[in-house]
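Biologist: Could you take me through one part of this model closely, and then show how it sits beside the rest? I would enjoy a connected account rather than a list.

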Amino acid sequence: MFDGVLQALLQGGLLGGYYAIIAAGLSLMVGVVRFINLAHGDMAVLGAMVTITLTEVGGVPVLWSIMIMLPAMALMGWVMHATLFQRAMRGGFLLPILVTIGLGAALQNGMFGLWGSNTRSLGASIGELSWASWILPGGIILGKLPVLIFVTAVVVIGALHLMLKKTKLGRAIRATASDPEAAEMCGVSSRQAHRAAAAIAVTLAALAGVFLAMRGQVTPYSGPAQLIFAFEAVVIGGIGSLGGTLIGGMVLGVSQSLGGLISPQGSLLAGHLVFVSVLIWRLSRDWARDHGGWRASLAISAIKLRRRLTGGAPAPDRAPSSKGAA
Amino acid sequence: MMTRLIVENLTCRHGLLTAVRDVSFALRAGEVLCVIGANGAGKTTLMNAIAGTHRPVGGRIALDGVDVTAQPAFARVRSGIAMSPEGRRLFADMTVRENLLIAAENGRAGDWTLARVLQAFPQLRPLTDMPAGRLSGGQRQAAAIGRALLTNPVVLLLDEVSLGLSPAAVEGVYQSLAMIKEARTTTMVVVEQDLTRALGFADQVLCMAEGQTELQGMPGHLSREQITDAYFGIHDKELSDV
Amino acid sequence: MNRHHVIAGISAPDRRLMAAGGLIALGLFALPLFGSALVVDKLTLLMVYIILAVMWNLLAGYAGLVSVGQQAFIGLGGYFVLRLVESGMPPFLAIGLGGFLVLLAAWPLSWLVLRLKPAEFAVAMWVLAETIRSIVMFDPLVQGETGRSLVSLNAIDPDVRRTTIYLMAVVAVVVSLVLSHALLRGRLGGESQAIRDDEEAASSVGVSTLRVKRWIFLISAVGCAIAGTIWLASAITFQPRSAFGINWSIFMLFMVLVGGLGSYLGPVLGALLFFALQEVFGDFGAWYLAGIGVVAILFALFAPRGIMGLIIGKTGQEPLSMRKLLIMREG
């Protein structure tokens, strides 16, 4: 039993690397562009499909396929932002959601039309990497591929962090995230910064898609689930923080693999429940903060409840120390 | 000498409200214009329109004879118009050095370097690695002006220079601005609430009330009374004849 | 603080439209007398689409809540009916009770999701739909991905079953249209309009944005659940993947967006169009669905107010407009 838990913790943590890569792209878009791309998961699947096709049909070695695919996807992200997203963003929060969910539907079904419903995998193309593993003391099995994915995640997120901190583009992106108008006053084109962020986000999604296809199988309809995992990791880790995204991904991965110990369906559910718990915790904390702290807000709630039960006069809406509209 | 900045019949709206109506002025290289007026007179909107963050509904802005009215803000910075905005608008999570670097990297090439800005604003020297969000009011203003200068502008727009600053901080900022003015290369448009300060510093004064130009001219040619009347938007036949 | 709402009356063309609507409803009730089984089945599906479109429009067009997770309530409604029927309740009673149970489930959820930012709300609803699906799949009755049929419905004579379900669908459409008309012309409509136009201003004049949003959220949840139960009753088999599928959201969004977001008749128009498109191009399968996505993008970018918006642009007025003179006076 103990070994099983240890094994699950380890595998879940490593799985978190995959989630962190796909979540980092989503987080970058939310943090910088304030835009949630609901087709983010479908971009991951597209990246996987393109890589698989280059490898299986084109006969290109896997690594080369990835090297060709990633810049192409970056370009696609850039163009997509310049044509679709930027236009959609002019219509408030509504149009981005409509446009990207439409894009998701178009991508999923377009990929189904092109590639059919068969599940596809890169597993066969990467040889022994897909199953090779190290045996640790105590009989713990450590797959080489999960370790590779996790190490890549740490490297990619570290590189992204350095890029944002140390390069001209990175500073421009951060400045735009913080105050687009002030960034423009410094000579930064916020549109260019947004397009660059979109290109990076799609590249990260596509890279994650490749790992998804190496670890297991993808179908044209795998995208929405990946978006949901990415969103969960982002929310668990804290929106807009790269380090948080890595932790969020690992928490999600660990909860899923622990849930998987209970039952096969438990894996997804455990992930969802951790997400919902984090959400409830965060919203309650904000609610308490807006009502003068935990103690005051709980006390007021108790008074309100008692008055309601005994039919007395209504209690004040909030603690006297707090201010501002609800 | 060529006119550096021309603003012609500029009109700006916020929804239904006309915030700036038919404002015109022209400035030569190195000249300083102070814009004065009560709160809500349209000064900040005028500044934003010149900087490119507010799109005017009418009129024209030209820099060195080139019409820049249609240019977005970032392109105007690259053409040579930079602003230290109302509220400073520093990137709070980024360090002072990063705030300055962004301007230097994305603006024009020129004499202003990080070292020279730190020389002009010595109070920033020990703070370069501090997040901009933790600076005091005076330090923030210095950083915002430094950031604008690092884009190497030919026209520098300074909104609400002394708002919220201690008298000592105001003195420090104006000492630095005086150095810039002495060089007579950078044209400045300054929004200043302190009348004495504005009249002492400006080559030209523009007084606005309710979006319109009430009074315009060289400080030496205007009486204190004329200016205070214009400031409060008092319309008087005798005054409008001046 | 007292507020008086001054509301403009109903115009003559609108009265004629409403009368026509009443006649169409009567015709729909009479249809099973002469329509073939196939027509009745197809029209049941159309009714389901209309309910969904009206409910999604109520949510997005009037409360500014864009959800891509309404399938949570469609699926949950279906699941509750399955559960109730399996425990021995008569099927048609279960269909009614299913909606009520979804109301009970949606109440605590509303506390959670309505406090989120608009874009987060959209995705969080989706995640919640997935969460509820995972929970439902724990029920051995559902048999995982396989799903389960409403066996007891099969015991009923097919013609009786078909007609009953159809009539329930027509009643549900009429109720949802009349109810949303009453709501939108009443106090809730004025308040939701104020929120849609300017949330901050609305809350500053004392409109409780959260209360209005919660009401609309709950109504929409129940409406989607009823649509889900009717759909399940006509499709017989409950499969978690399709009942909780994201496709529902894509369809709703398509119908409302193409018909005209925030207009009263737009969603009905959108549902008719979507139904027709599905009849004509449905056989193209995935390519048809991809086309639906592309058309949704094009409408979002180039005609965000849909066909109704184009009509308003041409004629200068909206048929059965819920936009009205709403004057709030402090007294």
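Modeller: Happy to; what follows starts with chain C, its long-range contacts and one of its helices, then turns to its contact with chain A and ends with chain B. Please keep in mind that this is a predicted model.

Chain C has 15 helices and four strands. Of its 331 residues, 47% count as buried. If you take the contacts in chain C with a separation of 6 or more, 80% of them are accounted for by residues 24 or more positions apart.

Let us look closely at helix H7 of chain C, which runs over residues 158-185. Its 28 residues should span 40 Å at 1.5 Å a residue, and the end C-alpha atoms are 40 Å apart, so the expected span and the model agree. Which residues of H7(C) are buried? They are C:Ile165, C:Tyr166, C:Met168, C:Ala169, C:Val170, C:Ala172, C:Val173, C:Ser176, C:Leu177, C:Ser180 and C:Leu184. When you read that list, it helps to recall that an α-helix has 3.6 residues a turn, so residues three or four places apart point the same way.

Now for the neighbour. The contact between chain C and chain A takes 35 residues from chain C and 35 residues from chain A. On the chain C side, helix H5 (118-136), helix H12 (247-259) and helix H14 (286-302) each supply at least two residues. That side of chain C divides into 28 nonpolar residues, five polar and two charged.

Chain B has nine helices and ten strands. Buried residues make up 46% of its 242 residues. Of the contacts in chain B with a separation of 6 or more, 69% come from residues 24 or more positions apart. Its C-alpha atoms fill a box of roughly 55 × 40 × 40 Å along the principal axes. A compact globule with 242 residues would have a radius of gyration near 18 Å, and chain B has 17 Å, which agrees.

Within chain B there is an open sheet of four strands in the order S2-S1-S4-S5, with antiparallel pairing. Strand S2 (17-28) and strand S5 (66-67) of chain B stand at the edges with a single partner strand each, so one side of each has no neighbour in the sheet. Strand S1 (residues 3-14) of chain B pairs with S2(B) in the antiparallel sense over eight bridges. To find one of these on screen, start at B:His14, whose bridge partner in S2(B) is B:Leu17.

Note on methods
Residues numbered from 1 in each chain as written. Chains lettered and ligands numbered in written order. Predicted model: local features only at pLDDT ≥ 70, side-chain atom pairs only at ≥ 80, totals over all residues. Contact = placed C-beta atoms within 7 Å. Nonpolar A, V, L, I, M, F, W, Y, C, P; charged D, E, K, R; others polar. Buried ≥ 20, exposed ≤ 12 C-beta atoms within 10 Å, placed from the backbone. Rg over C-alpha atoms; globule rule 2.2 N^0.38 Å. Pairing = 2+ DSSP bridges. Expected span 1.5 Å × (residues − 1).
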